[in-house]
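Hi everyone, thanks for making room for me today. Please have the sequence and the structure open while I talk, and stop me whenever you like.

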Amino acid sequence: MAIRAALLEQIYTVVAQVPTGRVTTYGRIAGMTEGATARLVGTAMRQLPAGHGLPWHRVINATRRVADHGGASEQQRLLREEGVVFDAAGRVPARLLWPD
């Protein structure tokens, strides 16, 4: 799926703002752009170039869980290193969602 460069820039700008120790969802990011959907945000995250430096690991799904993908265990590890906790069902507490 080809994503317009301007929309990619909007998505990546929002992702760059997610604070350490907090998470946001694909849908929340989409809501802060001009035309993205949650699915499109997920596609943008998968298309990040190597060495990008964006905190991609802070983007989770609407159920407040890490999406099931090849980097899921790495994502959980990075989040835990930042102090993000998970409940027994693998959900992040709602209090850690950004923006408030």
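Let's start with Arg 28: is this residue buried, partly exposed or exposed? In this predicted model, Arg 28 is partly exposed, because its relative accessible area is 32%, and that falls between the 20% and 50% cut-offs. Arg 28 sits in helix α2. If we set aside its neighbours within four places in sequence, Arg 28 is in contact with Leu 97, Trp 98 and Pro 99. For a sense of distance, take Ala 5, which is 23 residues away from Arg 28 along the chain: the two C-alpha atoms are separated by 20 Å.

Two of those partners deserve a pause. The peptide bond from Trp 98 to Pro 99 is cis, and its omega is near -10°. As for where we are in the chain, Pro 99 belongs to the segment after α4, the helix that covers 72-81.

Now let me step back to the whole protein. It has four helices and two strands, and reading from the N terminus the order is α-β-α-α-β-α. The radius of gyration is 13 Å, close to the 13 Å from the globule rule for 100 residues, so the protein is as compact as a globular protein of that length. Along the principal axes, the C-alpha trace spans about 40 × 30 × 20 Å. Of the 100 residues, 44% count as buried. Among contacts with a separation of 6 or more, 64% come from residues 24 or more positions apart. The accessible surface is about 5600 Å², and carbon and sulfur atoms hold 52% of it. On the charge side, there are 12 positive and 8 negative charges, with mean positions 6 Å apart.

So much for the outside; what about the inside? The largest nonpolar core has 21 residues, and those with the most contacts inside it are Ile 11, Tyr 12, Val 15, Ile 29, Ala 36, Val 41 and Met 45. Helices α1 (5-17), α2 (26-31) and α3 (38-46) each supply at least two residues of this core. Which of them gives the most? That is α1, with six residues. Tyr 12 is a nice one to click on: beyond its neighbours within four places in sequence, Tyr 12 is in contact with Ala 44, Met 45, Gln 47, Leu 48 and Leu 54. There is also a second, separate core of 10 residues, and its members include Val 23, Val 66, Leu 79 and Leu 97.

Stay with α3 for a moment. Its buried residues are Leu 40, Val 41, Gly 42, Thr 43, Ala 44 and Met 45. Among the things that cover these buried residues are α1, α2 and β2.

Two loop residues to finish. His 57 is in the loop between α3 and β2 (59-60). Why do we call His 57 buried? Because its relative accessible area is 8%, and the cut-off for buried is under 20%. Apart from neighbours within four places in sequence, the contacts of His 57 are Gln 75, Leu 78, Leu 79 and Glu 82.

The other one is Arg 64, in the loop between β2 and α4. Arg 64 has a positive phi of about 65°, although it is not a glycine. With a relative accessible area of 25%, Arg 64 is partly exposed. That's my tour, and I'm happy to take questions.

Notes. Residues are numbered from 1 along each chain as its sequence is written. This is a predicted model: local features need pLDDT of at least 70, side-chain atom pairs count only at pLDDT 80 or more; totals for chains, interfaces and linings use all residues. Side-chain values use heavy atoms; hydrogens and water are left out. A nonpolar core is a set of buried Ala, Val, Leu, Ile, Met, Phe, Trp, Tyr and Cys residues joined through side-chain atoms within 4.5 Å. Buried means under 20% relative accessible area, exposed over 50%, partly exposed in between (1.4 Å probe, protein chains only). Contact means heavy atoms within 4.5 Å. The radius of gyration is taken over C-alpha atoms; the globule rule is 2.2 Å times the number of residues to the power 0.38. Accessible areas come from the Shrake-Rupley method with a 1.4 Å probe; for residues, only the protein chains shown count as cover. Lys and Arg count as positive and Asp and Glu as negative; His and the chain ends are not counted. The place of a charge is taken as NZ of Lys, CZ of Arg, CG of Asp or CD of Glu.
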